[in-house]
Amino acid sequence: MTVLADLLRRAAKAEIVPRFRRLGSADVRCKSEATDLVTEADEQAERMMKEESARLWPDALFVGEESVAAEPALLDRLKDAELAIVVDPVDGTFNFASGIPAFGVMASVVLAGETIAGIIYDPMGDDWVMAEKGGGAWLRRPDGEAQRLSVAAPVALDQMVGMASTGYLPKDRQPQILANLSKVRFVANYRCAAHEHRTFAAGHVHYLMYYKLMPWDHLAGALICQEAGAYVARFDGTPYLPHHLDGGLLIAPDRSSWESLRREVFTL
């Protein structure tokens with residue numbers, strides 16, 4: 001995993017950071033909508049990671065956000081792949097393109113349909129949050145310093161602070177869930193799953209909620225949060241697996257907190 005973590009850092013330093021707040025109008029394009037962007041940094045960083053991955057792990061399926069945008073059928077191969085590297089070259093592209101320093105680089109390793117490793121690199125802080133299945137979640141720095149991460153202690157529903165991505169909820173359920181969020185103490189959205197997962201795993205917030213599930217957005221973070229002690233499940237209570245693209249994702253410090261949030265707030 002150290003090799004993969006170093007690859008994320010090198011790609012960020014070579015292709016992402018030099019373009020931050022230096023993008024020209026031709027370097028940013030819309031994909032599905034005005035807030036769904038791709039930049040030259042996304043594409044060039046993924047190109048570098050794909051080429052290096054092919055050299056380092058020639059038998060692995062490479063699934064990157066921009067590769068799937070160019071070849072949607074690639075995503076269907078993830079479920080049956082023996083080994084896969086899943087990459088989000090710039091998570092939080094809207095922030096990156098807006099000059100907001102809240103973006104990250106993410107990668108996960110999937111073995112026979114199970115996420116076994118996850119890495120989230122912060123180019124601005126120059127550190128990683130990472131986890132291997134069964135090995136705990138760690139904040140690691142280039143100088144070798146390492147700090148084990150642990151989720152926040154559970155609190156009552158009305159004291160919970162956290163993040164919820166409500167934009168992809170079914171339109172007929174949005175009003176009720178937005179009203180339900182008045183039951184918690186605070187709700188935010190960084191527009192960057194990388195930093196939201198990092199914030200949760202470090203024990204600073206009590207819940208995360210997502211409805212749209214793409215593997216490059218949540219596989220690494222879900223494993224990291226789980227290894228930090230979280231209860232992680234889709235809305236129906238089933239485990240979140242690499243091939244899941246819907247069904248919602250709810251993350252909380254423990255099962256009791258998860259059930260309270262599901263029953264009182266995220267009432268789909």
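Begin by selecting helix H7, residues 215–227, which lies across strands E12, E13 and E14 and runs at about 30° to E14. Keep in mind throughout that the model is predicted. With H7 still displayed, add helix H8, residues 255–264, which packs on the sheet and touches E12, E13 and E14, its direction making about 135° with that of E14.

Next, hide the helices and look at the sheet itself, where 5 strands form an open arrangement in the order E11-E10-E12-E14-E13, with mixed pairing. Select 186–188 and then 231–233 to find the edge strands, E11 and E13, each of which pairs on one side only. Neighbouring strands of this sheet are turned by 15° against each other on average, if direction is ignored.

Now select strand E12, residues 207–210, and show its side chains: Tyr 207 and Met 209 point one way, while Leu 208 and Tyr 210 point the other way, and all of these residues are buried. To follow one flank of E12, add strand E10, residues 161–164, which runs parallel to E12 and is joined to it by 3 bridges. Along this pairing, Gly 162 stands opposite Tyr 207, and Met 163 has Leu 208 as its bridge partner. Then add strand E14, residues 249–252, which pairs with E12 in the antiparallel sense, again over 3 bridges; here Met 209 stands opposite Leu 250.

Move on to strand E4, residues 83–91, of which 8 of the 9 residues are buried, so that the strand is largely enclosed by the rest of the structure. Selecting strand E3, residues 61–64, together with E4 shows a parallel pairing over 4 bridges, in which Val 63 has Val 86 as its bridge partner. Selecting E5 with E4 instead shows two strands that run antiparallel and are joined by 7 bridges, and within this pair Asp 91 of E4 stands opposite Gly 104 of E5.

Finish by centring the view on Ser 108, which sits in strand E5, residues 104–111. Is Ser 108 buried or exposed? Its relative accessible area is 1%, and because buried means under 20%, Ser 108 counts as buried. To see what surrounds Ser 108, leave aside its neighbours within four places in sequence and select the residues in contact with it, which are Ala 84, Ile 85, Val 86, Thr 115, Ala 117, Gly 118, Leu 219 and Ala 220. Among them is Val 86, already met as the bridge partner of Val 63.

Technical notes. Residues numbered from 1 in each chain as written. Predicted model: local features only at pLDDT ≥ 70, side-chain atom pairs only at ≥ 80, totals over all residues. Heavy atoms only, no water. Buried < 20%, exposed > 50% of the residue type's maximum accessible area, 1.4 Å probe, protein only. Contact = heavy atoms within 4.5 Å. Pairing = 2+ DSSP bridges. Axes fitted to C-alpha atoms, helices over the stretch in contact; angles between N-to-C directions.
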